[in-house]
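Here's a quick walk through how the helices of this model pack, with a stop at the cysteines and a couple of leucines along the way. Have the structure open while you read.

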There are 2 protein chains.
Amino acid sequence: MDMPLHLQHCQPLRGEENRVSAEIIDDLLKQLNGWRLSTDRQSLQKTVPFNNYYQTLAFVNALGFMAHMEDHHPDLGVHYNRCEIMYSTHDVGGLSMNDFICAAKVDALLGG
Amino acid sequence: MDMPLHLQHCQPLRGEENRVSAEIIDDLLKQLNGWRLSTDRQSLQKTVPFNNYYQTLAFVNALGFMAHMEDHHPDLGVHYNRCEIMYSTHDVGGLSMNDFICAAKVDALLGG
């Protein structure tokens, strides 16, 4: 059995051969909590609600620490009471395993 | 002469009477560096380029400190090498002086 996603680490990936196939995407999504695909299925998105800007920015920093450790960086929408997270792997032109690994690490950071 | 924008402080504002009028907006924009109006003229936007995610997040925190001090909070788009800033005043339904004051403080934070 594979190691749980949130315990895996990002690898340097490049090229379309490292895109995750459509069937695997649906399987991987089931291992995540509250993530959705963008309409073009090229990115993984989640909205995390918070009570205020202090909490939202504290989360951005915790997420940023993980992003630095994994050297894989999401786009973020930072708003007063929520953070929108968007993962995609530019170097493969869509979704790679790195996106699912980091999404699972975000879920772990948020407590599951 | 009015105090420079970046030395002023946000005030609690509510109601349409605190919206900045169209003529004043153009005047205030001249006191800012690289800010633009959204197409609906309801928000003030600036894109700040950075070299990497570390620099971008460091900026987000400096900006966040100022936002907390002024109790006026922008929406942010956080990307690998840039931050998109968007100021608007929900409680007046558009742009207030608070948006221009904070925009000037962002310029000051960035060195003018």
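Two helices count as roughly antiparallel when the angle between their N-to-C directions is over 145 degrees. Keep that cut-off in mind for what follows; and remember that this is a predicted model.

**Where the two chains' helices meet**

Let's start with H2(A) and H2(B). Their axes sit 11 Å apart and the packing angle is about 165°. That is over 145 degrees, so H2(A) and H2(B) are roughly antiparallel to each other. The crossing of this pair is left-handed.

Which residues make the contact? From H2(A) you get A:Tyr53, A:Tyr54, A:Leu57, A:Val60, A:Asn61, A:Gly64, A:Ala67 and A:His68, and from H2(B) come B:Tyr53, B:Tyr54, B:Leu57, B:Val60, B:Asn61, B:Gly64, B:Ala67 and B:His68. Sorted by class, the contact of H2(A) with H2(B) has 10 nonpolar, six polar and no charged residues.

**H2 against H3 within each chain**

H2 also packs on a helix of its own chain. In chain A, helix H2 (residues 53–70) and helix H3 (residues 97–109) pack at an angle of about 140°, with 11 Å between their axes. H2(A) and H3(A) are therefore oblique to each other, and H2(A) passes H3(A) in a right-handed crossing. On the H2(A) side the players are A:Phe59, A:Ala62, A:Leu63, A:Met66 and A:Glu70, and they meet A:Cys102, A:Lys105, A:Val106 and A:Leu109 in H3(A). The class count here is seven nonpolar, no polar and two charged residues.

Now for chain B. The axes of helix H2 (residues 53–70) and helix H3 (residues 97–109) of chain B come within 11 Å and cross at roughly 140°. That makes H2(B) oblique to H3(B), and their crossing is right-handed. B:Phe59, B:Ala62, B:Leu63, B:Met66 and B:Glu70 of H2(B) make the contact with B:Cys102, B:Lys105, B:Val106 and B:Leu109 of H3(B). By class, you'll find seven nonpolar, no polar and two charged residues in the contact of H2(B) with H3(B).

**The cysteines**

How many disulfides are there over all chains? The count comes to zero. A pair of cysteine sulfur atoms would have to be within 2.5 Å to qualify, and the table shows how Cys10 of each chain fares.

| Residue | Closest cysteine sulfur | Distance | Relative accessibility |
|---|---|---|---|
| A:Cys10 | A:Cys102 | 3.4 Å | 13% (buried) |
| B:Cys10 | B:Cys102 | 3.4 Å | 14% (buried) |

So the sulfur of A:Cys10 is too far from that of A:Cys102 for a bond, and the sulfur of B:Cys10 is too far from that of B:Cys102.

**Two leucines to click on**

Is B:Leu28 buried or exposed? At 6% relative accessibility, B:Leu28 counts as buried. You'll find B:Leu28 in helix H1 (residues 22–29) of chain B. Setting aside neighbours within four places in sequence, B:Leu28 is in contact with B:Leu5, B:Val20, B:Met97 and B:Phe100. B:Met66, which is 38 residues from B:Leu28 along the chain, has its C-alpha 20 Å from that of B:Leu28.

Then there's A:Leu7, in the segment before helix H1 (22–29) of chain A. A:Leu7 has a relative accessible area of 45%, which means partly exposed. A:Leu7 and A:Asp107 are 100 residues apart in sequence, and their C-alpha atoms are 12 Å apart in space.

Terms used
Residues numbered from 1 in each chain as written. Chains lettered and ligands numbered in written order. Predicted model: local features only at pLDDT ≥ 70, side-chain atom pairs only at ≥ 80, totals over all residues. Heavy atoms only, no water. Buried < 20%, exposed > 50% of the residue type's maximum accessible area, 1.4 Å probe, protein only. Axes fitted to C-alpha atoms, helices over the stretch in contact; angles between N-to-C directions. Helix = DSSP H or I, 4+ residues; strand = E, 2+ residues; numbered from the N terminus. Parallel < 35°, antiparallel > 145°, perpendicular 65-115°, else oblique. Left-handed = near helix turned anticlockwise from the far one by under 90°. Contact = heavy atoms within 4.5 Å. Nonpolar A, V, L, I, M, F, W, Y, C, P; charged D, E, K, R; others polar.
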